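Visitor: I would like a close look at a single part of this protein, the sheet and what surrounds one of its residues. Please take me through it step by step.

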Amino acid sequence: MSIRGLSGREDEIKKIYKEVKGKNPPNFEIYTSKDMGIGKKSGFDGAAIHFYDKEKKVNQVYYFMRGTEPTKDFPDVVYDGLGIGAGSNDNQIEDAQEMYNKVEKHINKKQNKNLNVKIQHYGDGHSLGGNLIVTLGLITKDFTNIRGLNDAPVNIKQLKRVDKQFSNYITQIKGKTEDISTKELLKLANTYYEKQKATISHTWVKGEPMHAQSFPGSWYAGNKVTMLGDMDTEEMINIGEYPLKRLAKWNLFLKLDEVRYNSGVSNIIGGLSLVNAHVDDSVLLNIPSYKKFVYYCANAIKDKEANLNALKQYLHSEINEVFEAKKKKLKMKISREEASPQSFMEKADKDGATLAWFGQKRVAEKVTFDKTFDPLDDTVFTPVEEIISSIQEEVTYYQKFLEAFFQNFEKMMEADESVASDIKSMKEVVGGI
């Protein structure tokens with residue numbers, strides 16, 4: 001249910017409140033981003049319910065923020081890539097702040113004066129909404145409790161930009177805000193937001209893709225995680241982390257491949273960021289930017305497959321060609337030496353000990369070499385075979401990731417024929433990977 005649909009559903013809210021609390025709710029008022037005219041351009045969808053009762057001293061406001069909801073213009077998908085992934089787009093968190101400020105202003109003006117009870121703030125959000133409510137809670141520092149369900153992480157680089165107080169804190173400690181590593185930013189954030197972290201909890205379902213991902217600057221603020229579902233469910237692969245990271249510490253080839261891989265991930269996110277930097281938002285939202293992400297992934301798979309084929313060619317052809325070339329060169333040298341046995345013997349026995357006895361010089365009439373060669377030892381192929389196997393695993397991982405991506409989007413968008421057609425054509429373009 002869209003959060004924008006809360007308006008006019010007072011009876012349903014009363015029913016839910018009674019089921020949860022076991023009693024009728026106090027007075028309450030509903031606020032939605034749609035009613036406030038917020039989020040139309042960015043796709044932001046949020047709401048707040050303010051419960052109040054002067055006699056019972058109730059003064060609580062609950063904020064709710066919706067997760068990714070694919071629509072024709074894909075504003076949420078765009079923000080997932082540009083805001084959460086790249087940290088370069090702030091439109092939805094800015095809309096969340098605007099809604100929060102308007103709700104708080106209205107409550108303070110109309111009701112708080114009469115209630116004479118300190119207001120308490122609570123927040124809930126799923127997926128994208130979890131990212132927004134946690135980020136908002138860190139910025140405002142006003143929330144008593146925040147819960148994220150399969151929530152996307154906070155982007156620390158974005159947080160540094162949108163929370164001016166945090167930015168000032170960084171300047172006080174480091175003397176600057178730019179050219180600070182992600183690791184150092186996370187360390188500073190964990191210290192600065194220590195009190196706020198204690199109010200944040202996460203509930204994840206085992207196997208869900210969102211919480212398994214890590215991108216440059218991602219941060220799950222909070223100290224408590226509850227995992228639901230079947231604990232034997234395999235976790236979704238993390239496209240933000242090189243799958244063979246541990247092995248890369250000891251293998252130069254894999255280390256170089258890790259650098260290329262991380263660069264590719266940065267290019268996926270950075271490519272979207274570049275689009276955002278040069279295209280007006282109104283144009284950007286009309287571009288199915290999720291396609292760009294899929295094409296980047298598909299091209300990355302094809303690049304890895306090209307490397308894989310090159311390695312296989314090297315394994316099955318070039319190594320043997322090099323071996324045969326070395327044998328040919330050695331045979332030619334053998335033939336030259338056999339054609340001049342005396343010259344060879346003199347070079348081989350410089351002191352003449354075997355060519356002269358009792359002062360009489362001996363002449364070598366013939367020199368014969370063994371021209372047979374042992375086959376290549378299997379250990380020559382092992383390192384290359386291991387590299388081929390590891391790259392093949394990566395290709396398989398990301399093929400499965402794209403398959404899951406298409407399955408999820410097809411299911412979510414099956415009601416929209418135009419979008420379904422779009423996905424079909426996209427599958428055809430990247431098909432065969």
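Visitor: Before that, what pLDDT does the protein chain average, and what share of the residues score at least 70?

Guide: The model is predicted, and the protein chain averages a pLDDT of 76, with 65% of the residues scoring at least 70. Confidence is highest in helix H6 (residues 164-174), at a mean of 96, and lowest in helix H11 (residues 281-284), at 37. Over residues 266-289 the pLDDT stays under 50, and for this stretch the model has 42 contacts beyond four places in sequence.

Now to the sheet. Its 7 strands form an open sheet with mixed pairing, in the order S1-S2-S3-S4-S5-S7-S9. Strand S1 (27-32) and strand S9 (224-228) each have a single partner strand, so one side of each has no neighbour in the sheet. On average, neighbouring strands of this sheet are turned by 15 degrees against each other, direction ignored. Strand S4 (residues 120-126) and strand S5 (residues 143-149) run parallel and are joined by 6 bridges. In this pair, Asp-124 stands opposite Arg-147 in S5. Helix H1 (residues 10-21) lies across S1, strand S2 (46-53) and S3, and runs at about 120 degrees to S1.

Strand S3 (residues 58-65) holds Asn-59. Asn-59 has a relative accessible area of 2%, which is under 20%, so Asn-59 counts as buried. The side chain of Asn-59 makes a polar contact of 2.7 Å with the side chain of His-50. A polar atom of the Asn-59 side chain also lies 2.7 Å from the backbone oxygen of Val-117.

Terms used
Residues are numbered from 1 along each chain as its sequence is written. This is a predicted model: local features need pLDDT of at least 70, side-chain atom pairs count only at pLDDT 80 or more; totals for chains, interfaces and linings use all residues. Side-chain values use heavy atoms; hydrogens and water are left out. Helices (H or I, at least four residues) and strands (E, at least two) are DSSP runs, numbered from the N terminus. Buried means under 20% relative accessible area, exposed over 50%, partly exposed in between (1.4 Å probe, protein chains only). A polar contact is a pair of N or O atoms within 3.5 Å; within protein, one must be able to donate a hydrogen and the other to accept it, and residues adjacent in sequence count only if both atoms are side-chain atoms. pLDDT is the predictor's confidence in each residue, from 0 to 100. Contact means heavy atoms within 4.5 Å. Two strands pair if DSSP finds at least two bridges between them. Axes are lines fitted to C-alpha atoms, for helices over the stretch in contact, and angles run from 0 to 180 degrees between N-to-C directions.
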